[in-house]
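Welcome to a short set of exercises with worked solutions. Have the viewer open and try each task before reading on.

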Amino acid sequence: MIKITINGQVKEFDVDPSTPLLWVIREQAALTGTKFGCGMAQCGACTIHLDGKPIRSCVTPLQAAADKEITTIEGIIPEGEELHPIQAAWIEEQVPQCGYCQSGQIMSAVALLKENPAPTDEDIDKAMSGNICRCGTYGRIRKGIKRAAGMMADASTPNSENNG
């Protein structure tokens with residue numbers, strides 16, 4: 001049995017420790033938001049966070065996550081809360097086209113904004129370079145990340161009406 005924490009819930013899995021995390025997440029934990037893309041860590045569709053850092057779950061064995069914390073697209077906001085700012089920005093900027101890569105794109109974008117709350121175009125291009133969108137929505141992804149960064153900055157700035 002290998003114990004991991006997925007989206008804040010401790011779970012134990014009795015599977016081969018070399019099983020890729022992607023399959024444990026999708027098939028054992030029934031969290032299907034994380035997608036299978038290339039199976040070689042080249043496209044980023046399977047991006048999740050392991051202890052807060054984005055990783056490719058298709059090539060990461062379950063044993064690498066033992067006693068660690070995993071966050072999937074389903075866990076980026078607490079249940080019952082509003083959308084994560086990245087998700088809201090994705091909707092406002094109409095980022096997805098086919099949508100298949102978007103959970104991986106969003107997970108990489110969340111990690112980027114956690115590390116760099118005001119990224120430049122170059123920062124965004126560098127951070128997102130491992131996530132491939134076959135529809136070519138890279139311009140909209142960049143706009144979505146910038147919109148989310150603005151939303152997050154506004155949310156963290158005290159409202160002048162409340163300060164007077």
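**Exercise 1: contacts along the chain**

Of the contacts in the protein with a separation of 6 or more, what percentage is accounted for by residues 24 or more positions apart?

*Solution.* Keep in mind that this is a predicted model. Residues at least 24 positions apart make up 59% of the contacts with a separation of 6 or more.

**Exercise 2: the overall layout**

Describe the fold pattern and the dimensions of the protein, and compare its radius of gyration with that of a compact globule.

*Solution.* Start with the inventory: the protein has 6 helices and 5 strands. Following the sequence, they come in the order β-β-α-β-β-β-α-α-α-α-α. Next, take the extents: the C-alpha trace spans about 55 × 40 × 25 Å along its principal axes. Then turn to the radius of gyration, which is 16 Å; a compact globule of 164 residues would have a value near 15 Å, so the two agree. Finally, 41% of the 164 residues count as buried.

**Exercise 3: the inner face of helix 1**

Which residues of helix 1 are buried, and which strands do they pack against?

*Solution.* Helix 1 covers residues 21-28, and its buried residues are L21, L22, V24 and I25. A helix has 3.6 residues a turn, so positions three or four places apart point the same way. The partners of these buried residues are strand 1 (2-6), strand 2 (9-13), strand 3 (47-50), strand 4 (53-56) and strand 5 (69-71).

**Exercise 4: two positive phi angles**

Where are A30 and D67 found, and is each buried or exposed?

*Solution.* Take A30 to begin with. This residue sits just after helix 1, in the loop that leads to strand 3. Its phi is positive, near 60°, though the residue is not glycine. A30 has 58% relative accessibility and therefore counts as exposed, the cut-off being over 50%.

Now D67, which lies in the loop between strand 4 and strand 5. Also not a glycine, D67 has a positive phi of about 60°. With 63% relative accessibility, D67 counts as exposed.

**Exercise 5: helix 2 against helix 3**

At what angle do helix 2 and helix 3 pack, and which residues meet?

*Solution.* Helix 2 (residues 85-92) and helix 3 (residues 102-115) pack at about 125°, and their axes are 10 Å apart. That angle makes helix 2 oblique to helix 3. The crossing is right-handed. From helix 2, I86, Q87 and W90 meet Q102, Q105, I106, A109, V110 and L113 of helix 3. Sorted by class, this contact has 6 nonpolar, 3 polar and no charged residues.

Terms used:
Residues numbered from 1 in each chain as written. Predicted model: local features only at pLDDT ≥ 70, side-chain atom pairs only at ≥ 80, totals over all residues. Heavy atoms only, no water. Axes fitted to C-alpha atoms, helices over the stretch in contact; angles between N-to-C directions. Helix = DSSP H or I, 4+ residues; strand = E, 2+ residues; numbered from the N terminus. Parallel < 35°, antiparallel > 145°, perpendicular 65-115°, else oblique. Left-handed = near helix turned anticlockwise from the far one by under 90°. Contact = heavy atoms within 4.5 Å. Nonpolar A, V, L, I, M, F, W, Y, C, P; charged D, E, K, R; others polar. Rg over C-alpha atoms; globule rule 2.2 N^0.38 Å. Buried < 20%, exposed > 50% of the residue type's maximum accessible area, 1.4 Å probe, protein only.
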